Amino acid sequence: MNHSRRVQSLRGALDKMHDGIAPVIDLSRPYVSGLDKLPADGRFLLVGNHTQFVGGEVLLIPHFVRRAIGVRVRPLADRRFGQQRGFGRDLMTAYGGVVGAPETARELMRHNETILVFPGGGREIAKFKGEEYRLSWNGRAGFARIAVENEYPIVPVGLVGGDDVYKSVVTRDSVLGRLSQAISAKLTGRADMAMPLMRGIGPTLILRPQRMYLRFGEPIDTGMPARISTQDWVASVKKSTQQSLEMVLCELLAIRGGDPFRKLNPLAWASAVKESPALQPVSS
């Protein structure tokens, strides 16, 4: 596909930055496991969870996949974000992102690309108190349908840590929560995209230092068995993916619960929970 000169320049800059940023990411010692489960040919669909610190999953998942098997991950962006124009859209394109539409996903699968999707979309980012690390798929099964159509393996990938960078201080059914939803519905037509009242360090919006915990689950075979309808198999694949991802998140929360380094306290480095994946050199 032909891209503008700015997109090409941005892509070149991002490629150069990738290798340089690895030591910076490693400095925060993210916990990463399951890289050995990734199909080496890169032909798979990553299905993840969004957190309030959305940059965590959008950066770390493609970064570690590329370090492990040398492929560029193609994130599918929420249509509202992906259809924006200007520098933001060009940066997303340079990063490998595309608008999350069925026809786009099918095209990527025809070219055996490594794809990343967050079925919860933008509404899974803004979480009220008590909704941390909870999937908000609301019946969405499009990712499973397209994976089944193309017999594309699904790899669940969970991130814990991003929902603790900011803390929501009100519940969805509180007075302020209902007010926020009413304002969102008035302005955007979507009450489920309401922004909760959040805080970082103290009463500020300064990010709270948090270690990130990333785990890639077992690949899920989407090849359709005999004597089962497509509709039933799509529902089964979607359910299996959701259950697998929820289990990954549960496991990561347990690991984090026993990690003295969870708040990136340098004094606890020696006793931090460790996972040592074998990372291969990034291909050019």
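Two strands count as paired if DSSP finds at least two bridges between them. In this predicted model, strand β2 (residues 45–48) and strand β6 pass that test with 4 bridges, in the parallel sense. Strand β6 (residues 154–160) is the focus of the first points below. The packing of helix α6 (residues 142–149) against helix α8 (residues 230–257) follows.

**Strand β6: pairing**
- β6 pairs with β2 in parallel, and Leu 45 stands opposite Ile 154 of β6.
- β6 also runs antiparallel to strand β9 (residues 213–216), joined by 4 bridges.
- Val 157 has Phe 216 in β9 as its bridge partner.

**Strand β6: burial**
- 7 of the 7 residues of β6 are buried, so the strand is largely enclosed by the rest of the structure.
- Side chains in a regular strand alternate between the two faces of the sheet.
- One side of β6 carries Ile 154, Pro 156, Gly 158 and Val 160, all buried.
- The other side carries Val 155, Val 157 and Leu 159, also buried, and both faces are thus covered.

**Helices α6 and α8**
- Two packed helices are described by the angle between their axes and the distance between the axes.
- For α6 and α8 the angle is about 120 degrees, and the axes lie 9 Å apart.
- Their crossing is right-handed.
- From α6, the contact involves Phe 143, Ala 144, Arg 145 and Val 148.
- From α8, it involves Trp 233, Val 234, Val 237, Lys 238 and Thr 241.
- By class, the residues of this contact are 6 nonpolar, 1 polar and 2 charged.

Note on methods:
Residues are numbered from 1 along each chain as its sequence is written. This is a predicted model: local features need pLDDT of at least 70, side-chain atom pairs count only at pLDDT 80 or more; totals for chains, interfaces and linings use all residues. Side-chain values use heavy atoms; hydrogens and water are left out. Axes are lines fitted to C-alpha atoms, for helices over the stretch in contact, and angles run from 0 to 180 degrees between N-to-C directions. Helices (H or I, at least four residues) and strands (E, at least two) are DSSP runs, numbered from the N terminus. A crossing is left-handed if the near helix is turned anticlockwise from the far one by less than a right angle, and right-handed if clockwise. Contact means heavy atoms within 4.5 Å. Ala, Val, Leu, Ile, Met, Phe, Trp, Tyr, Cys and Pro count as nonpolar, Asp, Glu, Lys and Arg as charged, and the others, Gly among them, as polar. Buried means under 20% relative accessible area, exposed over 50%, partly exposed in between (1.4 Å probe, protein chains only).
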